[in-house]
Amino acid sequence: MLSGWREVMARRPWRLSAKLLIISSVVTVIGFSAICVNVMLDMRRGEEALARQTLENLATTIESDVTRNIEIYDLSLKAVAGNMLLPEIATVSKPIRHLILFDHATTARNFGAIQVFDAEGRLTIDASTLDPLPENRSEEDYFRIHRDNPGAGLYISRPMLFRGAYAIVLSRRISDTDGGFLGVVAGSIRFSYFHELFERLNLNPDDTITVLKRDRTIMMRRPFDLDVIGTNLNDRRTWSADNLRAGASYAGQGPVDPTPRLYVRSTDSGPLFVVAGKPLKAVFELWQKEAYRIGAVVLALILFMLASTLVLAREIGRRAEAERKLEEMATTDALTGLRNRRKFDQVIDVEWRRAMRQKTPVALLMIDADHFKAYNDTFGHQAGDQVLVGIAICISDSVSRAGDCAARYGGEEFAVLLPGTSVTDALEVAEAIRVKVQGWSDDQTASTVSCGIASFVPTTGMDWPILVAAADKALYAAKAGGRNQSVVASLPKLSLVA
């Protein structure tokens with residue numbers, strides 16, 4: 001067992017080094033890959049955060065512009081609604097009435113002329129002309145809402161065709177001093193205003209800008225699509241309003257088209273709010289290119305490291321195998337395959353110290369071939385070598401424990417170290433070896449062995465040569481007593497017992 005353990009320990013440093021090299025390389029690859037993945041994910045989050053900030057600024061800017069223009073236009077509507085209550089309005093001429101009503105009214109290319117409708121919905125005053133053509137808007141939503149709801153305030157209609165152009169209608173109720181309904185003052189903001197606003201922005205073709213009412217009706221959208229304008233997102237079963245709350249963002253498929261986008265909603269500070277969207281492909285386009293580049297470099301480094309590790313591990317394995325073979329050659333008898341004298345001395349020294357610490361016995365068999373010199377002279381060296389090989393085989397067959405050490409001690413002499421073995425058990429092993437050797441040899445070339453046995457517990461001040469000397473003395477006694485027998489040495493007096 002001890003010799004096998006020493007073989008393992010002799011090989012282990014290199015084997016452990018190869019395994020450690022592979023494990024450390026794998027851990028390094030995993031760690032390096034984790035760092036690279038984390039860096040790339042941080043870059044991705046950074047790209048997303050930058051795009052979100054850009055879209056938020058865009059949505060806020062558009063909302064601010066739209067809200068400001070609506071507020072300016074609403075001031076004109078309020079002024080007209082207030083001036084309609086002046087007593088002299090009914091008595092002055094039409095030109096004077098226009099000056100009174102529309103002197104402070106906002107005029108712009110994309111703003112429609114303000115109109116005044118009476119309680120029946122009939123057009124009575126038009127800022128664009130002194131003699132308006134007959135019109136009746138009593139069936140329009142904005143008229144009915146003001147007629148039925150005194151507290152409606154500023155009402156923004158759904159997108160509609162108004163006076164020959166697509167627009168959204170802004171309206172206010174005209175009430176008398178008692179709150180009675182006198183009519184509606186209305187104006188419009190044409191779609192051309194939004195088109196010009198969006199054209200001033202540096203947008204990609206697939207970027208979207210959507211202007212919505214608070215009830216989630218789409219008032220305007222870029223890219224422009226009349227099939228989408230005027231629809232209410234609350235009617236989309238596949239879309240939930242919780243996906244995109246005020247001032248928040250959402251990444252994924254939107255309610256209008258299947259293109260995955262990053263959507264950012266403005267903070268809803270005005271009557272309308274804006275949602276800006278950018279395709280996720282465009283958001284992460286630069287990041288993907290950088291990720292592919294970094295990934296290719298990292299993959300190349302990983303493959304190089306793994307290949308280098310495998311080459312080094314193979315070389316370490318070869319070196320370990322070469323050292324194992326050298327170790328085996330240095331500690332093994334070339335003829336018999338047993339341990340040599342050098343290895344035996346190392347093992348007995350270790351086992352002697354262990355037995356001294358653990359207070360356990362150590363047994364030693366000294367075995368010598370009988371009449372070997374005469375046999376060698378008669379039959380030749382090759383035949384003598386065959387005898388030694390046969391004896392070694394018999395010894396190996398009889399010594400089965402892993403911790404035992406069988407060695408060629410020198411010439412025709414063999415030694416068997418049996419750690420933790422009592423003298424009785426050691427005698428049984430010696431007899432088994434002797435009987436096997438006697439049964440192995442044929443009648444014409446009969447070979448026998450003599451065995452000397454010593455076993456005792458080492459104590460302080462004793463050294464293992466004492467055990468060897470005792471077994472040797474018992475071997476000499478066996479030879480002197482007629483050979484082909486086993487003799488036990490009694491210690492410490494070393495009296496001999498056959």
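**Notebook: fold, surface and salt bridges**

I began with the secondary structure and counted 11 helices and 17 strands in the protein chain; helices (H or I, at least four residues) and strands (E, at least two) are DSSP runs, numbered from the N terminus. A note for the bench: this is a predicted model, where local features need pLDDT of at least 70 and side-chain atom pairs count only at pLDDT 80 or more, while totals for chains, interfaces and linings use all residues. Residues are numbered from 1 along each chain as its sequence is written, and side-chain values use heavy atoms, with hydrogens and water left out.

**Overall shape**

I looked up the radius of gyration next, and the protein chain has 54 Å, where a compact globule of 498 residues would have one near 23 Å. The radius is taken over C-alpha atoms, and the globule rule is 2.2 Å times the number of residues to the power 0.38. The C-alpha trace spans about 160 × 40 × 35 Å along its principal axes.

**Burial and contacts**

I found that 43% of the 498 residues are buried (under 20% relative accessible area; exposed is over 50%, partly exposed in between; 1.4 Å probe, protein chains only). Of the contacts (heavy atoms within 4.5 Å) between residues at least 6 apart in sequence, 60% join residues at least 24 apart.

**Charges**

I tallied 59 positive and 59 negative side chains, with the centres of the two sets 3 Å apart. Lys and Arg count as positive and Asp and Glu as negative, leaving out His and the chain ends; each charge is placed at NZ of Lys, CZ of Arg, CG of Asp or CD of Glu.

**Salt bridges**

I searched the whole structure and got 25 salt bridges, each a side-chain nitrogen of Lys or Arg within 4 Å of a carboxyl oxygen of Asp or Glu.

I checked Arg-52 and Glu-48 and found their closest N and O atoms 3.1 Å apart. Both sit in helix 1 (residues 2–83), four residues apart, about one turn of the helix. Arg-52 is partly exposed at 26%, whereas Glu-48 is buried at 19%.

I then turned to Asp-74 and Arg-172, whose side chains meet at 2.5 Å, N to O. This pair links distant parts of the chain, with Asp-74 in helix 1 and Arg-172 in strand 5 (residues 165–175), 98 residues apart. Asp-74 is buried at 8% relative accessibility, and Arg-172 is buried at 17%. Lys-78 joins Asp-74 and Arg-172 in a network of salt bridges.

Last, I looked at Asp-349 and Arg-353, a salt bridge with closest N and O atoms 3.3 Å apart. They are four residues apart in helix 7 (residues 341–358), about one helical turn. Asp-349 is partly exposed at 26%.
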